[in-house]
Amino acid sequence: MSISLVAGLGNPGRDYEKTRHNLGWIVLDALAAKHGLAWRASSRFEAEIARWDFAPGRTRWLAKPLTFMNDSGRAVAALARFHQFAPDAVAAVYDDLTIDLGLVKVTVTGSAGGHNGVASLLEHLGDGFARYRLGIGPKEPAQMELTDFVLGKFSPEQQIILNQKLATHVDGLDLLLTRGTGVAMNQLNRRDQK
């Protein structure tokens, strides 16, 4: 099944802008900008949403849940239920500490891996959604609290890497949406992206 709903995970509010945990929003904003899509707030779905009519009679929705990261699944599942999308028609775009900064990995199944936003998706939506995992690792310094790290902003050096990789991240997400998870995993997971 093709992907009809793309959810970027992050936290609303100025305090969380440009933090590592909002990388899903950053990449989804860039995808929306690339395709000339406009965001609008939807109180019904507790999200900012953008409608993407990408082919005659074919619509895809982008969503940024406003429920905060730990409750992302509530907003995503509400949108999926309304549009009658099964979990395999949904893609989640989010930060992943286990992947080096600048790299991407596409997966379909697995645990939440300690990511509260993914845990919420699994709870409210169920498994089977595509996962577009954006590297923010490694955690440095190693002794830093996990929460402090993911809610921290990128260092100037990391921001340079992110700026260089943003278009590549968007192109990879476009590949996932147009060619499917199999092709995206084959091309994005195997390639030496450094």
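Leaving aside its neighbours within four places in sequence, which residues is isoleucine 26 in contact with? I'll start there and work outwards. One caveat: this is a predicted model.

The contacts of isoleucine 26 beyond those neighbours are Lys18, Thr19 and Leu166. Isoleucine 26 sits in helix H1. Is that residue buried or exposed? Neither: its relative accessible area is 22%, so isoleucine 26 counts as partly exposed, the cut-off for buried being under 20%. Glycine 10 lies 16 residues away from isoleucine 26 in sequence, and the C-alpha to C-alpha separation in space is 8.8 Å.

Leu166 takes us to the next helix. Helix H1, residues 23-34, packs with helix H5, residues 156-179. Two packed helices are described by the angle between their axes and the distance between the axes. For this pair the angle is about 70 degrees and the axes are 9 Å apart. The angle therefore makes H1 roughly perpendicular to H5. On the H1 side the contact is made by Leu23, Ile26, Val27, Leu28, Ala30, Leu31 and Lys34. H5 supplies Leu162, Leu166, His169, Val170, Asp171, Leu173, Asp174 and Leu177. By class, the residues of this contact are 11 nonpolar, 1 polar and 3 charged.

Now the sheet. The sheet is open and has 7 strands, in the order S2-S3-S4-S1-S5-S7-S6, with mixed pairing. Strand S2, 40-42, and strand S6, 104-107, are the edges, each pairing on one side only. On average, neighbouring strands of the sheet are turned by 30 degrees against each other, direction ignored. H5 packs on this sheet as well, touching S1, S3, S4, S5, S6 and S7. The direction of H5 makes about 165 degrees with that of S7.

Strand S1, residues 5-8, deserves a closer look. In a regular strand the side chains alternate between the two faces of the sheet. In S1, Leu5 and Ala7 are on one side, Val6 and Gly8 on the other, and all of these are buried, so both faces of the strand are covered.

How many bridges join S1 to strand S4, residues 58-65? There are 3, and the two strands run parallel. With strand S5, residues 90-100, S1 shares 4 bridges, and that pair also runs parallel. Leucine 5 has a bridge partner in each: tryptophan 61 in S4 and valine 90 in S5. Further along S1, alanine 7 stands opposite alanine 92 in S5.

To recap the link: H5 makes contact with H1 and also packs on the sheet.

Conventions: Residues are numbered from 1 along each chain as its sequence is written. This is a predicted model: local features need pLDDT of at least 70, side-chain atom pairs count only at pLDDT 80 or more; totals for chains, interfaces and linings use all residues. Side-chain values use heavy atoms; hydrogens and water are left out. Axes are lines fitted to C-alpha atoms, for helices over the stretch in contact, and angles run from 0 to 180 degrees between N-to-C directions. Angles under 35 degrees count as roughly parallel, over 145 as roughly antiparallel, 65 to 115 as roughly perpendicular and the rest as oblique. Contact means heavy atoms within 4.5 Å. Ala, Val, Leu, Ile, Met, Phe, Trp, Tyr, Cys and Pro count as nonpolar, Asp, Glu, Lys and Arg as charged, and the others, Gly among them, as polar. Buried means under 20% relative accessible area, exposed over 50%, partly exposed in between (1.4 Å probe, protein chains only). Two strands pair if DSSP finds at least two bridges between them.
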